[in-house]
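Here is a protein to explore with the sequence and the 3D view side by side. Take a look around first, and then we'll walk through a few spots together.

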Amino acid sequence: MTRGETDQVLVLDFGGQYSHLIARRVRDCGVYSEIVPGDAPIEQIRSRHPGGLILSGGPGNVYAPGAPAPDPGIYELGVPILGICYGHQLLAAHYGGRECVSRGSYGGYGRGRLLVEDTADLFHGVPEQMDVWVSHGDVVCRLPQSFARLARSDSAEVAAMGAPELGIYGVQFHPEVHHTSYGRKILQNWLYRVCGLVGGWSMESFVDDAVDRIRRQVDDGHAICGLSGGVDSSVAAALVHRAVGDRLTCVFVDHGLMRQGEPELVREMFAGQLDMKLVFVDARHRFISALRGITDPEEKRRVVGHEFISVFEEQARELGDFHFLVQGTIYPDVVESGTGVSSVIKSHHNVGGLPDRMELQLVEPLRELFKDEVRRVGAELGLSEELLWRHPFPGPGLAVRVLGEVTEEKLAIGRGADAIFEEEIRRADLYNELWQAFAVVTDLRSVGVMGDDRTYGRTVVLRAVTSEDVMTAEWARLPDELLDDVSRRIVNEVRGVNRVVYDVTSKPPGTIEWE
């Protein structure tokens, strides 16, 4: 079943921190969903033939001058609309005027209590009282004409409203967040009872549709893939290879910023698993020279991104008539690099680090997927669990795990410390329980003592997190004994280090990587 034969829902993004989760949860319910800018023109929306629209949350105030708003044409499409948080307030303002929304007596942040008053349609089959996740300062203070109150909460008198004859519903809480009890059920009710969608979207249907789109884009041309050995680029390579076969050539660039033994591991892994053309390029001196003297992390990412593109363009010219570059870009890369409605958190080298002008046309078949969805695609394509469950490694490599200027000394420390950390995590049988674990080399030096001698060595930071979608993460509660073993080994075995610390910051407010 291809996407053209299934339903799809568009999420209009107004800059909400949970916008990505909405699309994700809709997909989990068996309906394909993508995110588009909140102000996307009606022609763009109409051309997608959506079965429903969701208006996301956001930091704006609907009564403020120039407040973000959708193209008013969406209300004439005749498709069901669900407003969440700010989207809920947008609906109230559109159908009843801006005076229907005001600043609440007090904000609603965190867990709240919902009291359901109408158990038809949206709240069918859920309890009359439940916990929900709220994050708002404004509230709907007056119901628009034709709308009925469906639920109230301790922070909003109109916590849910609906106009069934219009197919329009709004909620002042976040059903997409797992803290909301029965949030999945509420979304399923909207998708299947209100929108009347059929569903049936799956990773299998995604693969079929992606292969078809890749074939139409590449046509009879040739493509090269920037293969890093990580999950994203490996799955992208396998997907494009299924679409175009031998017209794909993978290029692995050793930029000198890899983990210990990484180039050898990639060669061994892909020689055995993927029957495709593979070219190795030794560009270690080139990348490290380009990074000399650079300390700003955004500039590091830009330099690495530009060098990668230059290498790929050179390889494309040497190999023959290549016009397409395959990248393993995934949705969190796009979000953190800035989408126009979301802020730039950090520019990923394969998004914000790209040069303005390129000779190669990008092919990014995973751009709308989250990491766990990418892994499911890889499983559908037959890739091994060993490859699919490798911990993520940033494209700029150790350049963003070495704070300050990148030097050979710091790279050696990073490789050694990282290898010890991974070895001990695997020994404790915790590797697959963690999303990511790695070492960061800082410019911080401190006094120590070794063998009765004074030392003035570097501090290494250990970072380990658990996550479902990489957009949020919790620091991992590793056993004290494990951290003790890792710390002692790093100090004893890695030259130049005399102090090891553990990062206990979640995301947000931090990010997973330090730079």
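Which residues does Arg259 touch, not counting residues up to four places away in sequence? They are Arg390, His391, Pro392, Phe393, Arg415 and Asp418.

## How far to trust it

Keep in mind that this is a predicted model. The average pLDDT of the protein is 88, and 92% of the residues score at least 70.

Two stretches deserve some caution. Over residues 1-5 the pLDDT stays under 50, and the model gives them nine contacts beyond four places in sequence. Residues 342-353 also have a pLDDT below 50, with 48 contacts in the model beyond near neighbours in sequence. Where pLDDT is low, the predicted coordinates should not be read in detail.

## Arg259 and a cavity

Back to Arg259, which sits in the loop between β11 (248-254) and α7 (262-273). Is Arg259 buried or exposed? Its relative accessible area is 10%, and buried means under 20%, so Arg259 counts as buried. One of its contacts, Pro392, is 133 residues away along the chain, yet the two C-alpha atoms are separated by 12 Å.

Arg259 also helps to line a cavity. The model has two cavities of 30 Å³ or more, and the second largest has a volume of about 40 Å³. Its lining is made up of Arg259, His391, Asp418, Glu422, Tyr431 and Ala437. Sorted by class, that gives two nonpolar, one polar and three charged residues. Two of these lining residues, His391 and Asp418, are also on the list of residues that Arg259 touches.

## Two helices, α13 and α14

Asp418 brings us to helix α13, which covers residues 408-427. This helix has 20 residues and reaches 29 Å from its first C-alpha to its last, close to the 28 Å expected at 1.5 Å a residue. Its buried residues include Leu411, Ile413, Ala417, Asp418, Ile420, Phe421 and Ile425. Among the elements covering the buried residues of α13 are α8 (284-290), β15 (436-450), β16 (453-466) and β18 (497-502).

Helix α14 (480-493) is also part of that cover. It has 14 residues and reaches 20 Å from first C-alpha to last, close to the 20 Å expected. Leu482, Leu483, Val486, Arg489, Ile490 and Val491 are buried in α14. What do the buried residues of α14 pack against? The answer is α13, β15, β16 and β18.

## Three loop residues

Now for some loops. After α13 comes Asp429, with a positive phi, in the loop between α13 and β15. Its phi is near 60 degrees, and Asp429 is a residue other than glycine. Asp429 is exposed, with a relative accessible area of 64%.

Tyr182 is another residue other than glycine with a positive phi, near 65 degrees. You'll find Tyr182 in the loop between β9 (168-171) and α4 (183-194). With a relative accessible area of 42%, Tyr182 is partly exposed.

Finally, look at Leu383, in the loop between α11 (371-380) and α12 (385-388). Does being in a loop leave Leu383 buried or exposed? Its relative accessibility is 8%, so Leu383 counts as buried. From Leu383 to Asp154 you would go 229 residues in sequence and 49 Å in space, C-alpha to C-alpha.

Note on methods:
Residues are numbered from 1 along each chain as its sequence is written. This is a predicted model: local features need pLDDT of at least 70, side-chain atom pairs count only at pLDDT 80 or more; totals for chains, interfaces and linings use all residues. Side-chain values use heavy atoms; hydrogens and water are left out. On a 1 Å grid over the protein atoms alone, a cavity is a set of points where a 1.4 Å probe fits but cannot get out, and a pocket is an open set with protein on both sides within 12 Å along at least five of seven lines; lining residues have an atom within 4 Å of a point. Grid points are joined across faces, edges and corners, and a volume is the space filled by probe spheres set on the points. Ala, Val, Leu, Ile, Met, Phe, Trp, Tyr, Cys and Pro count as nonpolar, Asp, Glu, Lys and Arg as charged, and the others, Gly among them, as polar. Helices (H or I, at least four residues) and strands (E, at least two) are DSSP runs, numbered from the N terminus. The expected span of a helix is 1.5 Å times one less than its number of residues. Buried means under 20% relative accessible area, exposed over 50%, partly exposed in between (1.4 Å probe, protein chains only). Contact means heavy atoms within 4.5 Å. pLDDT is the predictor's confidence in each residue, from 0 to 100.
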